[in-house]
Amino acid sequence: MEKTIFEITKMDCPSEENLIRMKLDGISSIANLDFDIPNRKLTIFHSGEIDQIEKSVIELNLGGKKISTEETDQLDFEENTNQKKLLWTVLAINFAFFIIEMATGLISKSMGLVADSLDMLADSFVYGISLFAVGGTLIRKKRISKLAGYFQIALAIIGFVEILRRFFGNEKLPDFTTMIIVSIFALIANGICLYLMQKSKSKEEAHMKASMIFTSNDVIINLGVITAGILVNWLNSGKPDLIIGTIVFVLVIQGAFRILKLSK
């Protein structure tokens, strides 16, 4: 068994990780992939020549470069059951708040909450694709990714159209109280997710570090919606809500395109 380390300069979230996994899927000489997203490193445990693997990594155009290859005695690459349970918990929390924020966003006429709900859905898709794809075929992975990506884009486009309608129309002010309260609960939920990940024994592993980065971004968005709610009340204007909604919809679109890469 050999261990080859690659530097992947453009690998900064779970979407790139899944893209790499799909590209390397089917190469029989690979025994295990170990991702270190914060440090942009990929360690591949394999037998035989590295040429085909290196070529596949470079073809992704993610700035892949081989750093070193050495022999290793490591043979045990079993999945950590506790880590999987933790990721399922994070997925469930994200999906639950997608439903909560979407419902309260529509009721309170807040595009900030609606957009944040779609960001929660985007996170759920990323975790869901990763977990559901375990043990599945490459075709199944691609189909799931394509459906998830197009669904997100469709929802985001509808959101942008609604923002334009409200911007040029004469809409009632969103309910700033609902915006703030629901976003505070979402912030608490994301805080719980971060706490669970920090508490996990596997927090230093690549998957967990990537998940913590993702959830940290959600915390920033939650704070943005809370700020927008305060400004709606202070300025007596719905514009702050529309602005934060636009920003989050842009993030959702970017996430959708990353997911669509997985289907190619």
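User: How many salt bridges does the structure hold, and what is a salt bridge?

Analyst: Side chains of opposite charge can pair when their charged atoms come close. The term salt bridge is used for a side-chain nitrogen of Lys or Arg within 4 Å of a carboxyl oxygen of Asp or Glu. The structure holds 5 salt bridges. It is a predicted model, in which local features need pLDDT of at least 70 and side-chain atom pairs count only at pLDDT 80 or more, while totals for chains, interfaces and linings use all residues. Residues are numbered from 1 along each chain as its sequence is written, and side-chain values use heavy atoms, with hydrogens and water left out.

User: Which parts does the salt bridge of E7 and K65 tie together?

Analyst: Helices (H or I, at least four residues) and strands (E, at least two) are DSSP runs, numbered from the N terminus. The side chains of E7 and K65 meet at 3.8 Å, N to O. E7 lies in strand β1 (residues 2–8) and K65 in strand β4 (residues 64–71), so the salt bridge ties together parts that are 58 residues apart in sequence.

User: Where do E59 and K23 lie, and are they buried or exposed?

Analyst: A residue is called buried under 20% relative accessible area, exposed over 50%, and partly exposed in between (1.4 Å probe, protein chains only). E59 forms a salt bridge with K23, with 3.0 Å between the closest N and O atoms. E59 belongs to helix α2 (residues 51–59) and K23 to helix α1 (residues 14–24), so this pair ties together parts 36 residues apart in sequence. E59 is partly exposed at 42%, and K23 is partly exposed at 33%.

User: What is the setting of the salt bridge between R166 and E162?

Analyst: Both residues lie in helix α5, 4 residues apart, about one turn of the helix. The closest N and O atoms of R166 and E162 are 2.8 Å apart. R166 is buried, with a relative accessibility of 14%, whereas E162 is partly exposed at 21%. Salt bridges that share partners join E162, R165 and R166 into one network.

User: How many aromatic pairs are there, and how is such a pair read?

Analyst: Rings of Phe, Tyr and Trp (its six-membered ring) pair if their centres lie within 6.5 Å; planes under 30 degrees apart count as stacked, over 60 as edge-to-face and the rest as tilted. The structure holds 3 aromatic pairs. One of them is the tilted pair of F95 and F98, 5.6 Å centre to centre with 45 degrees between the planes. F95 and F98 both lie in helix α3 (residues 81–108), 3 residues apart. F95 is partly exposed at 37%, and F98 is buried at 14%.

User: Why is the pair of F160 and F249 tilted?

Analyst: The ring centres of F160 and F249 are 5.5 Å apart and their planes stand at 55 degrees, so the pair is tilted. F160 lies in helix α5 (residues 138–168) and F249 in helix α8 (residues 239–261), so the pair ties together parts that are 89 residues apart in sequence. F160 is partly exposed at 26%, while F249 is buried at 0%.

User: Which residue lies over the face of F167?

Analyst: A charge sits over a ring if NZ of Lys or CZ of Arg is within 6 Å of the ring centre and within 35 degrees of the ring normal. K239 lies over the face of F167, at 5.1 Å from the ring centre.
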